[in-house]
Amino acid sequence: FYTGCTKDLDYRLWQHNQGLVESPRTRRPLIVIYSESCETLAEARARERQLKRGKSAVQKQRLIAPRLI
């Protein structure tokens, strides 16, 4: 699972899929299956750190599962 923060999700996704920024090159195209909004960049970065540090792949699957239905 890729975890990151951006002000413009569509543009960032386009950048990844064009190879303009680092991403797993063998796993293109990237698609968004879950996103969250935050009021500030600081909040977004804190949430990103929380997800990267505290969530295993299984926990991330549980987080996104309700949105896949």
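Modeller: A helix here is a DSSP run of H or I of at least four residues, numbered from the N terminus. Keep in mind that this is a predicted model.

Biologist: Thanks! Which residue follows α1, and has a positive phi?

Modeller: Start at the other end of this helix, which covers residues 9–18. Its N-terminal end is capped by Asp-8, with a side-chain oxygen 3.4 Å from the backbone nitrogen of Asp-10. After α1 comes a residue with phi near 80°, and that is Gly-19.

Biologist: How many helices does the protein have?

Modeller: Let's walk along the chain from the N terminus: the elements run α-α-α. There are 0 strands, and the number of helices is 3.

Biologist: How far apart are the end C-alpha atoms of α2?

Modeller: Helix α2 has 14 residues, from 41 to 54. At 1.5 Å a residue they should span 20 Å. The model agrees with this, because the end C-alpha atoms are apart by 20 Å.

Biologist: Which element do the buried residues of α2 pack against?

Modeller: Buried means under 20% relative accessible area. In α2 this holds for Ala-44, Arg-47, Glu-48 and Leu-51. They cover an arc of only 105° around the axis, so they sit on the same side of α2. The element they pack against, residues 57–64, is α3.

Biologist: Which exposed residues are on the face of α2 turned away from its buried side?

Modeller: Exposed means over 50% relative accessible area. On that face of α2, the exposed residues are Ala-42 and Arg-53.

Biologist: What share of the protein's residues count as buried?

Modeller: The protein has 69 residues in total. Using the cut-off of under 20% relative accessible area, the share that counts as buried is 17%.

Conventions: Residues are numbered from 1 along each chain as its sequence is written. This is a predicted model: local features need pLDDT of at least 70, side-chain atom pairs count only at pLDDT 80 or more; totals for chains, interfaces and linings use all residues. Side-chain values use heavy atoms; hydrogens and water are left out. Helices (H or I, at least four residues) and strands (E, at least two) are DSSP runs, numbered from the N terminus. The expected span of a helix is 1.5 Å times one less than its number of residues. Buried means under 20% relative accessible area, exposed over 50%, partly exposed in between (1.4 Å probe, protein chains only). The arc is that of the directions from the helix axis to the C-beta atoms. Contact means heavy atoms within 4.5 Å. A polar contact is a pair of N or O atoms within 3.5 Å; within protein, one must be able to donate a hydrogen and the other to accept it, and residues adjacent in sequence count only if both atoms are side-chain atoms.
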